[in-house]
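Here is a short tour of one chain, from its cysteines out to its overall shape and surface. Have a look at the model first, and then read on.

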Amino acid sequence: MIKTSIRLQDLRRKIYRKAKIDKSWRFWGLYHHVCKPETLNTAYEMARKNKGAPGIDGVTFEAIEESGVEQFLGEVRKELVSGSYRPLKNRRKAIPKGDGKERVLGIPSIRDRVVQGALKLILEPIFEADFQSGSYGYRPKRMAHQAVNRVAIAIAQGKTQVIDADLKSYFDTVQHDLALRKVSERVDDDQVMHLLKLIFKTSGKRGVPQGGVISPLISNLYLNEVDKMLERAKEVTRKGKYTHIEYARFADDLVILVDGHHRWNGLARKVYQRLGEELAKLKVQLNLEKTRVVDLTRGEDFTFLGFNIRQRMTLQGKQGVLCIPRMKARTSLLGRLKEVFKHLRSQPTEWVVNTINPILRGWVSYFRIGNSSRSFNFVRNWVERKMRRHLMRARVRRGFGWNRWSRDWLYKSLGLFGDYRVVYYQPKSTTSR
């Protein structure tokens, strides 16, 4: 994690406190802070840590550092202060989604990533003060694990009617005028608004590029009214500490959970209708082919942030929650590992281990919060067999060398990743209704 300078931290903290205390305050004089050397330097360090491919200009971090980072940031600051800064077009890159379709990323140049990062550093604390508790995507000190846990707790509390919402081409349909209007409700700075307009124009007449540094903040702000609507719905149906509606949103991935008791029949339909109305104001559509209303009490399930989630009976005879990695996620992992073993087939074993370990560590760390033991065992055994075959091929032999190398040797001596521990949920007990 990149630590911002103390002065910048203090500024962001003061902005957040002011925004939290006065919900109607419009901030001015922000552009000056965007252009500060410490802000630009922090933005560069953030971009450097995230690495990423070069933009349309082909300039890499290595080339920048060879010429001098101070000179590079000085030129960026000069353009910002003089008003001559103009962002380059984003480099478009198609990423397969796994369902035969592609997700198109818009990759800004490093220069533009720095500017967007500086702008985000100053604007983020303003809108963080306005965001709702059910929003988790790309926010400070929030992560996907917390969103999944929120969903699991809601199901354990009896919210078994689930609206699994899929937003149709969300990032591509964000209306620039609406987004700018939402920003202007809290920002009274013409230079900041002009800079934001220039950034928006790089993605065409509408939409925010997936891959842009400022895009996650804008996408969260754009859907904040949807979150507020769901918060109001929670309060309207509240009975003491218990709420009959819960939701969790991670960027454009949204699930709404409604009490499954027969007294609340029809509530899910009303919430679904209100969701459609709120999205229509934003000119965002639900993908009707993928959006579903799921009844967990009938054995149905849904997916959220890579997990397949369903209700299950615990050993104590109570209704519990089962969260397991999607088969698609496991298949994708094994496909990626298979390519590594294929390309490094004739290379030393140490190279293979050093390449696959970070991949395994990241995947397991993400999914270890659920009921992933069976999936982890499958992956672990698959990797072990692949590694044994690699070792035997190096010796021009067949088989897997079961008698030659013990499992303990693979992990302790060879250094193969072996931390497949699972951290199970401990949802709160069901509150009486």
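## Cysteines and overall build

Cysteine 35 is buried, at a relative accessible area of 3%; buried means under 20%, exposed over 50% and partly exposed in between, with a 1.4 Å probe and protein chains only. Cysteine 323 is buried too.

| Residue | Relative accessible area | Class |
|---|---|---|
| Cysteine 35 | 3% | buried |
| Cysteine 323 | 0% | buried |

A disulfide covalently bonds the sulfur atoms of two cysteines. The structure has zero disulfides, counted as pairs of cysteine sulfur atoms within 2.5 Å.

Please keep in mind that this is a predicted model, where local features need pLDDT of at least 70, side-chain atom pairs count only at pLDDT 80 or more, and totals for chains, interfaces and linings use all residues. Residues are numbered from 1 along each chain as its sequence is written, and side-chain values use heavy atoms, leaving out hydrogens and water.

What is the radius of gyration of the chain? Over C-alpha atoms it is 25 Å, close to the 22 Å from the globule rule for 433 residues, so the chain is as compact as a globular protein of that length. That rule is 2.2 Å times the number of residues to the power 0.38. The C-alpha trace spans about 70 × 65 × 40 Å along its principal axes.

Of the 433 residues, 50% count as buried. Among contacts (heavy atoms within 4.5 Å) between residues at least 6 apart in sequence, 70% join residues at least 24 apart.
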